Amino acid sequence: IIRINGRPCIIPSKQYKTYEKAAVELIRQQWTDEPISVPVNVRTMFYMPTRRRVDLVNLQEAALDVLVKAGVLADDNCSIVTSMDGSAVAYDKENPRTEIRITEKEGAR
């Protein structure tokens, strides 16, 4: 753990930084709208190449961070991402991937 201004900080791994950069580039090629700033549900499906146990919450956090950095979401706070219903982890050795579906909450406008 590294300390900045006396506070402990967790530094992302090299592997995560590589993933984040590739994901942001891919999303920016496809997303041309303004960042979403209305209440939404973000459903994330993670298809993993192994059956090794993973932490769904950490995967969701990484996905939201990428969506914000790529300009899809204005922020990932609870006034915009109001739920993450339907998110899950599954196994797909042949085609590991992340699928994200963003839907506006009813009555959001």
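Four elements, H1, strand S3 (40–48), H2 and strand S6 (97–104), each put at least two residues into the lining of the largest pocket. This is a predicted model, and the pocket in question comes out at a volume of about 850 Å³. Its lining runs to 22 residues, and those closest to the centre are Tyr16, Tyr19, Asn58, Leu59 and Ala62. The top contributor is H2, which gives five residues. As for chemistry, the lining of the largest pocket is a mix: 13 nonpolar residues, four polar and five charged.

The second largest pocket has a volume of about 460 Å³. Lining it are 15 residues, with Ala23, Leu26, Ile27, Thr98 and Ile100 lying nearest the centre. Here the elements that give two or more residues are H1, H2 and S6. This time H1 supplies the largest share, six residues. The lining of the second largest pocket has no charged residues at all; 13 are nonpolar and two are polar.

Both helices turn up in both linings, which leads to the question of how they pack. Two packed helices are described by the angle between their axes and the distance between the axes. For helix H1 (residues 14–30) and helix H2 (residues 56–69), the axes come within 9 Å and cross at roughly 50°. That angle makes H1 oblique to H2, and the crossing is right-handed. On the H1 side, the contact is made by Tyr16, Tyr19, Glu20, Ala23, Val24, Ile27 and Arg28. On the H2 side, Ala62, Asp65, Val66, Leu67 and Lys69 do the job. Sorted by type, the residues of this contact are eight nonpolar and four charged, with no polar ones.

Some residues of the helix contact come up again at the pockets. Tyr16, Tyr19 and Ala62 belong to the contact and are also among the residues closest to the centre of the largest pocket. Likewise, Ala23 and Ile27 take part in the contact from H1 and are among the residues nearest the centre of the second largest pocket.

Stepping back to the whole protein chain, the secondary structure amounts to two helices and six strands. Along the sequence these follow the pattern β-β-α-β-α-β-β-β. Taken along the principal axes, the C-alpha atoms of the chain fill a box of roughly 45 × 40 × 25 Å.

How values were computed:
Residues numbered from 1 in each chain as written. Predicted model: local features only at pLDDT ≥ 70, side-chain atom pairs only at ≥ 80, totals over all residues. Heavy atoms only, no water. Axes fitted to C-alpha atoms, helices over the stretch in contact; angles between N-to-C directions. Parallel < 35°, antiparallel > 145°, perpendicular 65-115°, else oblique. Left-handed = near helix turned anticlockwise from the far one by under 90°. Contact = heavy atoms within 4.5 Å. Nonpolar A, V, L, I, M, F, W, Y, C, P; charged D, E, K, R; others polar. 1 Å grid on protein atoms, 1.4 Å probe; cavity = no way out; pocket = protein on both sides within 12 Å on 5 of 7 lines; lining within 4 Å. Points joined across faces, edges and corners; volume = space filled by probe spheres on them.
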